[in-house]
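Here are some exercises to work through with the structure open beside you. Try each task before reading its solution.

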Amino acid sequence: MPSYTTSYTKETTLRVAKRYRNAKRAYLLVNPLQAKHMPVSPTEALTMMRTLGEGLQQEFPGARLVLGFAETATALGAAVASRLGPDCAFLSTTREAGEGPGWVRFLEEHSHAAEQKLWGGDLDALLQETDTVLFVDDEISTGKTLRNMIAQLTRRWPALGEKTLVAASLLNRVTPEQEEALADAGITCRCLVRLPQEDHTAQVADWTVTEAPPAVPQNLSFRQETLPGEGLLDPRKTLRIGAYDRSCQAVAEAMLSRALGPVETLGKTLVLGTEECMYPALRLGEKLERLGAEVCCHATTRSPIGLCNAPGYPIRSGWKLPSFYEEERTTYVYNLKEYDTVIVLSDTKKTDLRAIQALASVLTCKQLIYTQGEGYVWKLSKG
């Protein structure tokens, strides 16, 4: 299986953590450059993602449909699509609510949240526009989920079986036998880094981990304002990547002009995405970084990861939070540091401040700014 020739290696893109009480799979592969579980420069994260996209664009220039997998590869899928031209169609799978005949449900069997959904309402038309479909994930371990998903989609949309199907990922560790099974299903693999076969279950067995403690919401007083514009587009239903990029850019510019003030006053800054909403946070962080700010990005996640102080262990601290999207859902944030400014960028349409009040209780920062998907901004000065 070819991997694109780049400077990325196992050493730069892989850390191994232990899942907290997950009987399906004991370990989690953590990419320190992906801006999900670990804070990183947004420019570094997007450069890695775009590098994969550029390799795919050169090899598959006719690709006009990219599917990104929730939640970790939503930003990766968008960044790959952006290298294929503004007219490239992009959508991501989701674990959010989606009812009706246009949705296709499938299982990611090893996951803590196994059920995913894909919007198929536009697939007939989109398949007529492309000779190649790119399925983009952060890592491919066995290919079983993808094979099952594509078989399910092909039964419903037979035209998919006539296309070049590419499983694209940052990391790939399928065995030769698994790669052959993918090829038999008509699926070609491409990646940045091909990983060796290692027993990660044994690697994490002796680590003693603890669960992230809960962050308790505090009744804090936020000031509210509204940004101009239409807010963020939703990649959970098909859109053109050029339009999505423009919506991310418009939100970033509106925040700069109305919510953030001069970049030089921000100090050390964290831009935090929420669950599946990673790409807009990275785009805002990248813009701030280009203007001279000191910025890190990562995101909240549904993944329960064990905390451990063992040498080299990637997830050393964390908090359990209420979800920004659903009242009864638990999410997590890991490896928080001390910042001057924290910006939380979410595409939720809800106005429920429990999650941001819980996050505020565990942050060490001078100011906290929370922006919802439709442009509502909530501000808190912490002194």
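**Exercise 1. Does R236 count as buried or exposed, and why?**

Solution. The model is a predicted one, so every value below is computed from its coordinates.

Step 1: locate R236, which sits in the loop that runs between strand 10 (223–226) and strand 11 (239–240).

Step 2: compare its accessibility with the cut-off. Buried means under 20% relative accessible area, and R236 counts as buried because its relative accessibility is 8%.

Step 3: list the surroundings. Leaving out residues up to four places away in sequence, R236 touches S92, T94, E96, W103, W119, E276, Y325 and D347. With D347 there is also a side-chain polar contact of 2.9 Å.

**Exercise 2. Classify the ring pair of W103 and W119: which geometry do the planes have?**

Solution. A pair of aromatic rings is described by the distance of the centres and the angle of the planes.

Step 1: count the candidates; the structure holds 7 aromatic pairs.

Step 2: apply the angle rule. Planes over 60 degrees apart count as edge-to-face. The W103 and W119 planes stand at 65°, with ring centres 5.3 Å apart, so this pair is edge-to-face.

Step 3: place the two rings in the chain. W103 belongs to strand 5 (residues 103–107) and W119 to strand 6 (residues 115–119), and the pair links parts of the chain 16 residues apart. Both W103 and W119 are buried.

Step 4: look for a charge. The charged end of K237 sits over the ring of W119, at 4.1 Å from the ring centre.

**Exercise 3. Repeat the analysis for W207 and Y313. What is the geometry of this pair?**

Solution. Step 1: take the two numbers. The centres are 5.0 Å apart and the planes meet at 85°, so W207 and Y313 are edge-to-face.

Step 2: find the sequence positions. W207 lies in the loop between helix 7 (200–205) and strand 10, while Y313 lies in the loop between strand 13 (294–299) and strand 14 (318–322), so the pair ties together parts 106 residues apart in sequence.

Step 3: check each partner's accessibility. W207 counts as partly exposed because its relative accessibility is 21%, whereas Y313, at 2%, counts as buried.

Step 4: survey other rings. F90, Y244 and Y279 are linked into a cluster by ring pairs. At Y339, the charged end of K268 sits over the ring, 5.6 Å from its centre.

**Exercise 4. Work out the sheet that contains strand 10 and strand 13. In what order do its strands lie?**

Solution. Step 1: write down the order. The 6 strands run 10-18-17-16-12-13, forming an open sheet with mixed pairing.

Step 2: identify the edges. Strand 10 and strand 13 each have a single partner strand, so one side of each is left without a neighbour in the sheet. Ignoring direction, neighbouring strands here are turned by 20° against each other on average.

Step 3: examine individual pairings. Strand 17 (residues 367–371) and strand 18 (residues 376–381) are antiparallel and share 5 bridges; Y370 has W378 in strand 18 as its bridge partner. Strand 12 runs parallel to strand 13, joined by 6 bridges, and L270 is partnered by C296 in strand 13.

Step 4: see what covers the sheet. Helix 10 (residues 354–362) lies across strand 12 (268–273), strand 16 (341–345), strand 17 and strand 18, at about 155° to strand 17. In strand 12, 5 of the 6 residues are buried.

**Exercise 5. How many residues of helix 3 are buried, and where does the helix pack?**

Solution. Step 1: count. In helix 3 (residues 74–82), 9 of the 9 residues are buried, so the helix is largely enclosed by the rest of the structure.

Step 2: set out the sheet order, which is 9-8-7-3-4-11 for an open sheet of 6 strands with mixed pairing. Strand 9 (187–194) and strand 11 stand at its edges, each with a single partner strand, so each has one side without a neighbour.

Step 3: inspect one pairing. Strand 8 (residues 164–172) runs parallel to strand 9 with 7 bridges between them, and S169 stands opposite C191 in strand 9.

Step 4: add the helix. Helix 3 packs on this sheet, where it touches strand 3 (63–68), strand 4 (89–92), strand 7 (132–140) and strand 8, and its direction makes about 140° with that of strand 7.

Technical notes: Residues are numbered from 1 along each chain as its sequence is written. This is a predicted model: local features need pLDDT of at least 70, side-chain atom pairs count only at pLDDT 80 or more; totals for chains, interfaces and linings use all residues. Side-chain values use heavy atoms; hydrogens and water are left out. Helices (H or I, at least four residues) and strands (E, at least two) are DSSP runs, numbered from the N terminus. Buried means under 20% relative accessible area, exposed over 50%, partly exposed in between (1.4 Å probe, protein chains only). A polar contact is a pair of N or O atoms within 3.5 Å; within protein, one must be able to donate a hydrogen and the other to accept it, and residues adjacent in sequence count only if both atoms are side-chain atoms. Contact means heavy atoms within 4.5 Å. Rings of Phe, Tyr and Trp (its six-membered ring) pair if their centres lie within 6.5 Å; planes under 30 degrees apart count as stacked, over 60 as edge-to-face and the rest as tilted. A charge sits over a ring if NZ of Lys or CZ of Arg is within 6 Å of the ring centre and within 35 degrees of the ring normal. Two strands pair if DSSP finds at least two bridges between them. Axes are lines fitted to C-alpha atoms, for helices over the stretch in contact, and angles run from 0 to 180 degrees between N-to-C directions.
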